[in-house]
Amino acid sequence: MKRWIVLVLLGVSQFVMVLDSTVMNVSISTVAADLGTDIGGMQAAITFYALTMAAFMLSGGKLGDKWGRSAAFRIGSIVYGIGSLTTALAPNLTVLLFGWSLVEGLGAILVIPAIAALAAINYDGRERVIAFSALGAITGFAAAAGPLIGGLMTTYASWRYVFVGETVIMVLVLIFSGRVKDKPGDRSLRIDLLSVVLSASGMAILVFAVLQSKTWGWIVPLAPPEIGGVPLAPFGVSPVAYLIVVAILVLAWFVRRQKKLESTGRMPLLKVSMLRIPALRSGLTMFLAQYFAIAALFFVVPVYLQTILGYDALQTGLKILPLSVGLIVFSVVGSRLSTVRSARNIARIGQFTLGLGLFVVFAAVQPELTDLLFALGMFVVGAGFGLLASQLGNVNMSAVSSEDTSEVGGLQGTFQNLGSSFGTAIVGSVFILLMTAGFGSAVSASTTLSEDVKRQVVEATADGAPIISQEQAEQAVLDAGGSQEVATEVAQTYADTQVQSLRQSLFLVFALTLIGIVLARGLPSTIPVPEPAKRSTSG
């Protein structure tokens with residue numbers, strides 16, 4: 001039993017790392033009201049939290065190599081605890097962005113790669129498979145349990161207590177962290193600063209561009225920023241398109257820099273040569289696809305349940321609960337199947353199951369929720385997530401030597417959080433763009449609204465339709481001087497457009513998830529054979 005205490009410690013830390021982003025999602029309306037912001041502000045906070053981790057995760061892995069994984073784990077726990085406490089006390093969105101999106105994120109970039117590396121150091125053989133399967137299941141369970149925990153705390157106490165609890169947990173982790181076995185770090189290791197800047201800035205520019213697309217437009221400029229009253233849209237193209245090109249160029253420069261460092265015998269931030277390993281490349285891209293789908297779902301579903309249907313945080317958590325059940329059951333099933341099925345086969349089944357669940361959820365999302373169908377869809381999503389979680393962590397770690405486990409841990413965190421930030425940013429952007437265009441078209445096509453009312457509504461939503469409830473939309477029209485009849489019609493049109501746009505966004509996630517099945521082709525196609533037990537010999 002003592003041997004598994006390390007796994008318990010690492011598992012608790014992993015649980016906390018994943019928990020609070022899902023808490024934010026399920027409590028999104030309450031937190032926004034508490035901090036005096038809106039859903040758009042919370043979307044930015046959620047996206048930048050994932051972005052901070054994606055941008056600096058590789059650096060966190062290298063710092064673990066330099067300081068030692070256990071030291072990085074402890075330092076990261078301290079930073080994360082400080083960020084959690086700051087978040088718990090945040091009076092406004094600015095402090096939330098600092099405490100949660102930045103400080104917690106910087107703590108996580110040290111802890112997450114260290115968890116993977118320390119698991120590989122403390123366990124080997126069949127025990128390592130069990131450890132990584134358990135950590136994968138814990139990751140998924142935290143993502144699923146977060147909404148319920150957040151819903152309970154937000155409804156009956158305050159979302160802030162979740163972050164107080166995280167602070168206490170990280171203190172306890174620090175107290176018991178001396179039980180974790182480690183290998184000494186390489187103090188002579190030098191981290192290339194230019195690589196850090198290129199990696200972080202490239203990903204930051206890319207995600208920022210995607211996040212701003214809902215306001216500025218992807219190609220055709222909608223409401224671009226202005227300089228001296230002149231719209232910033234050179235040659236009639238949205239700034240988003242230029243930023244994406246810049247991000248690609250910066251990231252290409254980063255890759256060239258890594259190749260140069262590796263070829264000259266210096267330490268790169270990322271061993272690009274590792275990405276030639278088919279199993280690792282497939283495992284990482286499937287990580288990205290998996291978390292893209294989950295992050296998108298966990299942004300869209302709470303918005304639907306709370307803003308459109310008027311559910312509170314606890315009711316939202318309960319609606320998402322079947323996902324948790326499916327995940328727990330099928331993460332165990334996936335671990336058992338690994339003895340009779342290849343990782344490639346299980347991952348393909350998992351990705352298809354995830355896509356199937358998303359389609360069922362898509363079918364259930366209507367102006368009036370189809371409860372049974374929605375619960376079934378969430379359970380099937382959880383089942384797919386569980387099957388994937390049971391395989392990918394061990395596949396990635398087993399694809400490299402023990403010396404590269406910390407780097408792979410950083411890569412896993414990078415791809416996971418890139419998927420999460422893209423999922424929230426892209427689907428949020430698509431949802432708002434579809435809603436803005438659909439609402440404008442529906443209002444313009446109305447045969448009962450006057451031309452003056454149509455013009456006012458279209459102008460008011462030109463920069464992007466806000467994510468508000470039908471009642472809030474009706475009140476906004478009344479506050480603007482509209483009659484009750486006009487307010488009722490505009491609000492109903494707005495609510496119908498919201499549901500339609502949300503369903504279209506969910507269908508996009510479903511389609512991309514099914515396309516992601518092809519990413520599994522590089523995963524191991526053979527069933528792992530347990531090593532025979534070594535017989536002890538006596539002199």
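## Ser 70 and its surroundings

Does Ser 70 count as buried or exposed, and at what relative accessibility? In this predicted model, Ser 70 comes out at 7% relative accessibility, so it counts as buried, the cut-off being under 20%.

As for where it sits, Ser 70 belongs to helix H4, which runs over residues 69–88. Setting aside neighbours within four places in sequence, Ser 70 touches Leu 118, Ser 177 and Asp 182.

## Helix H4

Let's check the length of H4. With 20 residues at 1.5 Å a residue, H4 should span 28 Å, and its end C-alpha atoms are indeed 28 Å apart, so the two agree.

Now for the side that is tucked away. The buried residues of H4 include Arg 69, Ser 70, Ala 72, Phe 73, Gly 76 and Tyr 80, and the list carries on to Thr 87 and Ala 88. These buried residues cover an arc of only 170 degrees around the axis, which means they lie on the same side of H4.

## Helix H5

H5 covers residues 93–122, and its 30 residues should span 44 Å at 1.5 Å a residue; the end C-alpha atoms are 40 Å apart, which agrees. There's a kink in H5 too, about 30 degrees, centred on Gly 105.

At the N-terminal end of H5, Asn 92 acts as the cap, with a side-chain oxygen 3.2 Å from the backbone nitrogen of Thr 94. How enclosed is H5 by the rest of the structure? Largely, because 24 of its 30 residues are buried.

## Salt bridges

The count of salt bridges comes to five. One of them pairs Arg 69 with Asp 65, where the closest N and O atoms are 3.1 Å apart. Arg 69 has 9% relative accessibility, so it counts as buried. Asp 65 is buried as well, with a relative accessible area of 12%.

Another joins the side chains of Asp 192 and Arg 257, at 2.8 Å from N to O. That pair links distant parts of the chain, 65 residues apart: Asp 192 is in the loop between helices H7 and H8, while Arg 257 is in helix H9. Both Asp 192 and Arg 257 are buried.

Then there's the salt bridge between Asp 371 and Lys 319, at 2.5 Å from N to O. Here, too, distant parts of the chain are linked, with Asp 371 in helix H13 and Lys 319 in helix H11, 52 residues apart. Asp 371 is partly exposed, with a relative accessible area of 41%, and Lys 319 is partly exposed at 21%.

Methods: Residues numbered from 1 in each chain as written. Predicted model: local features only at pLDDT ≥ 70, side-chain atom pairs only at ≥ 80, totals over all residues. Heavy atoms only, no water. Helix = DSSP H or I, 4+ residues; strand = E, 2+ residues; numbered from the N terminus. Buried < 20%, exposed > 50% of the residue type's maximum accessible area, 1.4 Å probe, protein only. Contact = heavy atoms within 4.5 Å. Expected span 1.5 Å × (residues − 1). Bend = angle between axes of the 7 residues up to and from the residue. Polar contact = N/O pair within 3.5 Å; in protein donor to acceptor, adjacent residues only side chain to side chain. Arc of directions from axis to C-beta. Salt bridge = Lys/Arg side-chain N within 4 Å of Asp/Glu carboxyl O.
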